[in-house]
Amino acid sequence: MKRSMRATAGWAAAVLLGGAALAGCSSDGSPSPAASSALEGAKSAVASAASSATAAVGSAAASLGASAQAAASSALASVKGGLDAKDDVELGTATTGSDGKLSVPLTVTNHGSQSGKYTIQVNFDDGSGNLLDAVVVNVPEVAAGASAQATAESNRSLEGEVTPVVANALRY
């Protein structure tokens with residue numbers, strides 16, 4: 001999508017600047033008033049197109065984050081009789097794979113008196129705290145007092161400053 005937006009903005013700039021060049025110059029080599037006006041209009045149009053492209057990319061990212069959040073919420077809602085277990089989950093250091101996806105190791109420690117399964121929602125937020133992606137990790141039976149390892153991986157490539165956060169965790 002980013003590539004498409006950049007290509008569109010690039011073509012718009014080429015067309016507008018080409019039109020400005022065709023408007024002509026005066027005999028002394030300086031741009032004619034019509035050419036100067038066209039050039040200023042082209043600059044404004046390119047800036048506007050670039051701004052629109054950036055807003056569209058940001059909107060698409062927000063939409064993807066909301067979609068992932070909805071899927072994660074649905075997965076958590078399907079757990080019956082779960083107990084809040086956010087304190088049982090600890091995140092490790094996130095790493096970026098060659099595909100651009102973020103992976104973060106999870107350590108789940110069952111502080112309960114009975115064994116239990118875990119369903120954990122991990123959100124990937126940008127530097128401003130906006131949701132970029134969300135995933136759900138299921139951890140099979142963990143004995144009381146024991147720990148288990150799992151990994152949460154983003155659904156897509158994420159760029160920039162990204163912080164993984166345990167949004168929800170249920171033990172059942």
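In β8, valine 162 is the bridge partner of aspartate 126, and this pair belongs to a longer register in which β5 and β8 run antiparallel to each other over nine bridges. The model in which this pairing is seen is a predicted one, and the description that follows moves from the sheet to the core, then to a salt bridge and a loop residue, and finally to the confidence of the prediction.

The chain contains two helices and eight strands, and from the N terminus on these elements follow the order α-α-β-β-β-β-β-β-β-β. Four of the strands make up an open sheet with antiparallel pairing, in the order β1-β8-β5-β6. The edges of this sheet are taken by β1 (83–84) and β6 (131–142), each of which has a single partner strand, so that one side of each is left without a neighbour in the sheet. At the β1 edge, two bridges join that strand in the antiparallel sense to β8, which spans residues 162–171, and here aspartate 84 stands opposite leucine 170 of β8. In regular strands, side chains alternate between the two faces of the sheet.

The largest nonpolar core comprises 22 residues, among which Leu106, Ile120, Val122, Phe124 and Val139 touch the most other members. At least two residues of this core are supplied by each of β4 (101–109), β5 (116–126), β6, β7 (147–157) and β8, and the largest share, five residues, comes from β6. Over the chain as a whole, buried residues make up 29% of the 172 residues, while the accessible surface comes to about 9,700 Å², with 55% of it belonging to carbon and sulfur atoms. Among contacts with a separation of 6 or more, 65% are accounted for by residues 24 or more positions apart.

Side chains of opposite charge can pair when their charged atoms come close. One salt bridge is counted in the model, and it is formed by the side chains of aspartate 88 and arginine 171, with an N to O distance of 2.7 Å. Because aspartate 88 lies in the loop between β1 and β2 whereas arginine 171 lies in strand β8, the pair ties together parts that are 83 residues apart in sequence. Both partners fall under the 20% limit for burial: aspartate 88 is buried with a relative accessible area of 7%, and arginine 171 is buried with a relative accessible area of 16%.

Alanine 94 is located in the loop between β2 (89–91) and β3 (95–96), and with a relative accessible area of 30% this residue is partly exposed. When residues up to four places away in sequence are set aside, alanine 94 touches Leu102, Ser103, Val104 and Pro164. The C-alpha atoms of alanine 94 and leucine 106 are 10.0 Å apart, for a sequence separation of 12 residues; leucine 106 is one of the core members noted above for touching the most other members.

The confidence of the prediction varies along the chain. The average pLDDT is 74, and 56% of the residues score at least 70. Over residues 1–27 the pLDDT stays under 50, and the model has 26 contacts beyond four places in sequence for this segment. Residues 34–61 likewise stay under a pLDDT of 50, with 21 such contacts in the model. Where pLDDT is low, the predicted coordinates should not be read in detail.

Terms used. Residues are numbered from 1 along each chain as its sequence is written. This is a predicted model: local features need pLDDT of at least 70, side-chain atom pairs count only at pLDDT 80 or more; totals for chains, interfaces and linings use all residues. Side-chain values use heavy atoms; hydrogens and water are left out. Buried means under 20% relative accessible area, exposed over 50%, partly exposed in between (1.4 Å probe, protein chains only). Contact means heavy atoms within 4.5 Å. Accessible areas come from the Shrake-Rupley method with a 1.4 Å probe; for residues, only the protein chains shown count as cover. Two strands pair if DSSP finds at least two bridges between them. pLDDT is the predictor's confidence in each residue, from 0 to 100. A nonpolar core is a set of buried Ala, Val, Leu, Ile, Met, Phe, Trp, Tyr and Cys residues joined through side-chain atoms within 4.5 Å. A salt bridge is a side-chain nitrogen of Lys or Arg within 4 Å of a carboxyl oxygen of Asp or Glu.
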